Amino acid sequence: MSLSNLNAISPIDGRYRSKVASLAAYYSEEALIKYRVKVEIEYFIALCEIPLPQLEDFNTSLYDDLRAIYQDFSSDDAQKIKDIEKVTNHDVKAVEYFIKEKFDALELQTYKEFIHFGLTSQDINNTAIPLSIKDMFNQVYFKELSLVVDKLNELATEWKDISMLARTHGQPASPTRLGKEIKVFVERIEQQLTLLQQIPHAAKFGGATGNFNAHHVAYPTIDWKSFGTDFVENILGLHHSFPTTQIEHYDHMAAIFDAAKRINTILIDLDRDIWTYVSNDYFKQKIKKGEVGSSAMPHKVNPIDFENSEGNLGIANAIFEHLSVKLPVSRLQRDLTDSTVLRNIGVPFGHTLIGFASTLKGLNKLLINTDAFAKDLENNWAVVAEAIQTILRREAYPNPYETLKGLTRVNEKITGATIASFIDTLEVSDDIKTELKAITPSNYTGI
């Protein structure tokens, strides 16, 4: 059976494939192989640039031909490497043999033993994978998240003057403005984005146990530590972790996953708030002809986009959490548990992108119901009690909090008329009474 959207086991490769297709260039098996080939080729060129004595006569005009091996990398090339792996039973060794075949084709047999020279497989994996993560962030993640942030900014501006009843502990509280409440989420996301962008994409590069043993024994006069740092940082554009064991520490990678998890958590918070506002009739939703909200109740228009987002972001966070607590832990100089876990990095990012898209889709369907906002405020005049007692404090009125508490903590409905009558009983000047009566639930919204 050939793989299709209908028989894929994972929904991110099935039902939601169109929403995450952009990630295939970074997290598919083919993508991982291509990144490995890139690192191997660039490493060989870096050895030529030292130059090692045996590579001094290498024709540098052939660098473009070498780079074409990964720049023009095809699905057929990836399959060729997988076929070699069936024999070697080692994925990185299969990449090495594939490149050696390419060297044969280019009549560069003399130099091919310097492919993967002195390296262990983790020198390739621990540079290829962070490189793919870095590229994914710059080319996909930040762009997709910015669409959500831009929409929130747009709505914050559009709704900046919409007064609304706040609720703390689910109960009516000092009024606020809808635009400001949306802006809170923008600020939170942007703060976490700043932290995320400061985390280095770190890579290990130092041989079988991190000490450049093989490099040093072959060429003891070369400063291999400096070479490794230059290769990782200036050629690959990553941060060189040193010293290490056989593998990268993954501490920085764990921090990246934790930062992505926090951003998802903020969006889950947003999803639940908007869901509640829809439930409270603050928002209607645009109706698309032909869509069905319920198989049994024809009237239903459900906030499914925010529910879909919450569910996908929750799955993403569960996997991000496992990645961040598992990867930094390895027995002694290395065990293999990181290998299989690393192959799943694309999964939480897939669910994350689905979450981003669903939140954005939901935000684009919102229709504001200003009457519901106004009605909620009018039905909760008790919330101006804070304003009244604060002004009375300013005027040194005796026991203002207790006075307002006695008025408002009753089971009877508090109305504008109730508040006005109460103000008339206060022993304050007419100017103060006028000031107090000017306060309404709609204009008591702060700055």
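1. Let's start with helix 16, where Ala385, Ala387, Ile388, Gln389, Ile391 and Leu392 are buried. Just a reminder as you look at the side chains: this is a predicted model. After helix 16 comes alanine 396, which has a positive phi, near 60°, so it may be a residue to click on when you follow the backbone out of this helix.2. Further along the chain is asparagine 399, in the loop that joins helix 16 (385-394) to helix 17 (400-408). Is asparagine 399 buried or exposed? Its relative accessibility is 53%, and therefore it counts as exposed. Its C-alpha atom is 8.8 Å from that of glutamine 389, a residue 10 places away along the chain. Glutamine 389 is itself among the buried residues of helix 16.

3. Histidine 215 makes a good contrast. This residue belongs to helix 9, which covers residues 213-218. Histidine 215 counts as buried because its relative accessibility is 0%. Which residues does histidine 215 touch, leaving out those up to four places away in sequence? They are Tyr43, Phe117, Gly118, Leu119 and Trp224.

4. Next, the nonpolar interior. The largest nonpolar core contains 115 residues, and Val37, Phe44, Tyr141 and Phe349 have the most contacts inside it. Helix 7 is the top contributor to this core, with 15 residues. A second core, separate from that one, has 19 residues, including Leu407, Ile414, Ile419 and Phe422.

5. Tyrosine 141 deserves a look of its own. Setting aside neighbours within four places in sequence, its contacts are Met136, Leu196, Ala260, Ile263, Phe349, Thr352 and Phe356. One of these partners, Phe349, is also listed with Tyr141 among the residues with the most contacts inside the largest core.

6. Helix 14 (346-364) can be checked for both length and burial. With 19 residues at 1.5 Å each, helix 14 should span 27 Å, and its end C-alpha atoms are indeed 27 Å apart, which agrees. Of those 19 residues, 15 are buried, so helix 14 is largely enclosed by the rest of the structure.

7. Helix 14 turns up again at the second largest pocket, which holds about 380 Å³ of space. Its lining has 16 residues, and Asp13, Arg17, Ala24, Tyr27 and Ser28 lie nearest the centre. Which helices each supply at least two residues of this lining? They are helix 1 (17-20), helix 2 (24-27) and helix 14, with helix 14 giving the most, three residues. By residue type, the lining has seven nonpolar, five polar and four charged members.

8. Finally, there is the enclosed space. How many cavities of 30 Å³ or more are there? The count is one, and about 40 Å³ of space lies in the largest cavity. Around the largest cavity are Pro130, Ile133, Pro200, His201, Ala202, Glu248, His252, Met253 and Ile256. Helix 7 (121-158) and helix 11 (251-279) are the elements that give two or more residues to this lining, and helix 11 has the largest share, with three. The lining of the largest cavity divides into six nonpolar residues, two polar and one charged.

Terms used:
Residues are numbered from 1 along each chain as its sequence is written. This is a predicted model: local features need pLDDT of at least 70, side-chain atom pairs count only at pLDDT 80 or more; totals for chains, interfaces and linings use all residues. Side-chain values use heavy atoms; hydrogens and water are left out. On a 1 Å grid over the protein atoms alone, a cavity is a set of points where a 1.4 Å probe fits but cannot get out, and a pocket is an open set with protein on both sides within 12 Å along at least five of seven lines; lining residues have an atom within 4 Å of a point. Grid points are joined across faces, edges and corners, and a volume is the space filled by probe spheres set on the points. Helices (H or I, at least four residues) and strands (E, at least two) are DSSP runs, numbered from the N terminus. Ala, Val, Leu, Ile, Met, Phe, Trp, Tyr, Cys and Pro count as nonpolar, Asp, Glu, Lys and Arg as charged, and the others, Gly among them, as polar. Buried means under 20% relative accessible area, exposed over 50%, partly exposed in between (1.4 Å probe, protein chains only). Contact means heavy atoms within 4.5 Å. A nonpolar core is a set of buried Ala, Val, Leu, Ile, Met, Phe, Trp, Tyr and Cys residues joined through side-chain atoms within 4.5 Å. The expected span of a helix is 1.5 Å times one less than its number of residues.
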